[in-house]
Amino acid sequence: MNQKTSSSVNPINSRAGRATLITLLIIFFAVVAVCFSVPRLLQRSVDAPTGLVEIDGLEDKVTIRRDQLGVPFIEAQNENDLHFALGYTTASDRLWQMYVLSRLAQGRISEIAGEDLLNVDIYIRTLGVKHLTDMLYQNLEEKYKMPFIQFARGVNAYLETKKHLPLEFILSGYTPDPWEPQDGAYIFGLINLVMAGNMMEELAFLQFAGKM
């Protein structure tokens, strides 16, 4: 009488089982590392809520305080310091957004996001947003250029004193150039372009109003 014998293979003792276990362990430790490193990267780019910062470029003492929602209130003794502190504070809150909007308005967003957005740059340059904004900025009186200049100085003061940039710069590998006074004007030009998006509707409404 023939007897059938059966044997079971321990999946952990098999070669495939060991490979699967090692893969799962690697994934586990990778997830743990990400969970610990990402909050640290985010936290170190956030400025301390209180403290004293000494920077060059101010004529007098400036106080920046925030309400419960984080909205900043700036107290300065003169307009130059006010615009300087505004640039510094805005960079502290919106540095990535500022550079994205400025580069978008100049037709340079592909420098940040890669060649996939090259067509967007071509479109913006075809519209001439940068050219028109440069022309308008150059025609401004000096007293109206000064807020842009002081704002830029404040942004650059922040860049010079900030050791760790926001996570978006790390992930994209983009190193920001010094902020130029025109960069602020480019954002105004981009806003004007967005607000003109319903131009055809406005013209149609004017035609209807003329007929009726």
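The following paragraphs describe the fold of a predicted model and the packing of its helices.

The protein chain contains nine helices and two strands, and its elements run α-β-β-α-α-α-α-α-α-α-α from the N terminus on. Of the 212 residues in the protein chain, 26% are buried. When contacts between residues at least 6 apart in sequence are considered, 61% of them join residues at least 24 apart.

The two strands form a hairpin with five residues between them. Strand 1, which covers residues 63–66, pairs with strand 2, which covers residues 72–75, in the antiparallel sense and over four bridges. Within this pairing, threonine 63 has glutamate 75 of strand 2 as its bridge partner. Glycine 70, in the same hairpin, takes a positive phi near 85°.

Helix 2 (residues 79–105) packs against helix 6, the two axes coming within 7 Å and crossing at roughly 60°. Because angles from 65 to 115 degrees count as roughly perpendicular and those under 35 as roughly parallel, this crossing makes helix 2 oblique to helix 6. The crossing of helix 2 past helix 6 is right-handed. On the side of helix 2, the contact is made by Asn80, His83, Phe84, Leu86, Gly87, Tyr88, Thr90, Ala91, Ser92, Leu95, Met98 and Tyr99. On the side of helix 6, the contributing residues are Met146, Pro147, Gln150, Phe151, Arg153, Gly154, Val155, Ala157, Tyr158, Leu159 and Thr161. Sorted by class, the residues in the contact of helix 2 with helix 6 comprise 14 nonpolar, eight polar and one charged.

Tyrosine 158, placed in helix 6, takes part in this contact with helix 2. Its relative accessible area is 3%, and tyrosine 158 is therefore buried, the cut-off for that class being under 20%. Threonine 90, a contributor to the contact from helix 2, stands 68 residues from tyrosine 158 along the chain, yet the C-alpha atoms of these two residues are separated by 9.5 Å.

Helix 6 (residues 142–161) also packs with helix 8 (residues 181–195), at an angle of about 110° and with the axes 7 Å apart. Helix 6 is therefore roughly perpendicular to helix 8, and helix 6 passes helix 8 in a right-handed crossing. The contact brings Phe148, Ile149 and Ala152 of helix 6 together with Pro181, Gly184, Ala185 and Phe188 of helix 8. By class, the residues of this contact between helix 6 and helix 8 are six nonpolar, one polar and no charged.

Phenylalanine 148, which has its place in helix 6, touches Pro181, Gly184, Ala185 and Phe188, and in addition Tyr137 and Leu140, when residues up to four places away in sequence are not counted. Between phenylalanine 148 and tyrosine 137, which are 11 residues apart in sequence, the C-alpha to C-alpha separation is 9.8 Å.

Aspartate 183 lies in helix 8. With a relative accessible area of 4%, aspartate 183 is buried, since that class takes in values under 20%. With residues up to four places away in sequence left out of the count, aspartate 183 touches Ser102, Arg103, Gln106 and Pro178.

Conventions. Residues are numbered from 1 along each chain as its sequence is written. This is a predicted model: local features need pLDDT of at least 70, side-chain atom pairs count only at pLDDT 80 or more; totals for chains, interfaces and linings use all residues. Side-chain values use heavy atoms; hydrogens and water are left out. Axes are lines fitted to C-alpha atoms, for helices over the stretch in contact, and angles run from 0 to 180 degrees between N-to-C directions. Angles under 35 degrees count as roughly parallel, over 145 as roughly antiparallel, 65 to 115 as roughly perpendicular and the rest as oblique. A crossing is left-handed if the near helix is turned anticlockwise from the far one by less than a right angle, and right-handed if clockwise. Contact means heavy atoms within 4.5 Å. Ala, Val, Leu, Ile, Met, Phe, Trp, Tyr, Cys and Pro count as nonpolar, Asp, Glu, Lys and Arg as charged, and the others, Gly among them, as polar. Buried means under 20% relative accessible area, exposed over 50%, partly exposed in between (1.4 Å probe, protein chains only). Two strands pair if DSSP finds at least two bridges between them.
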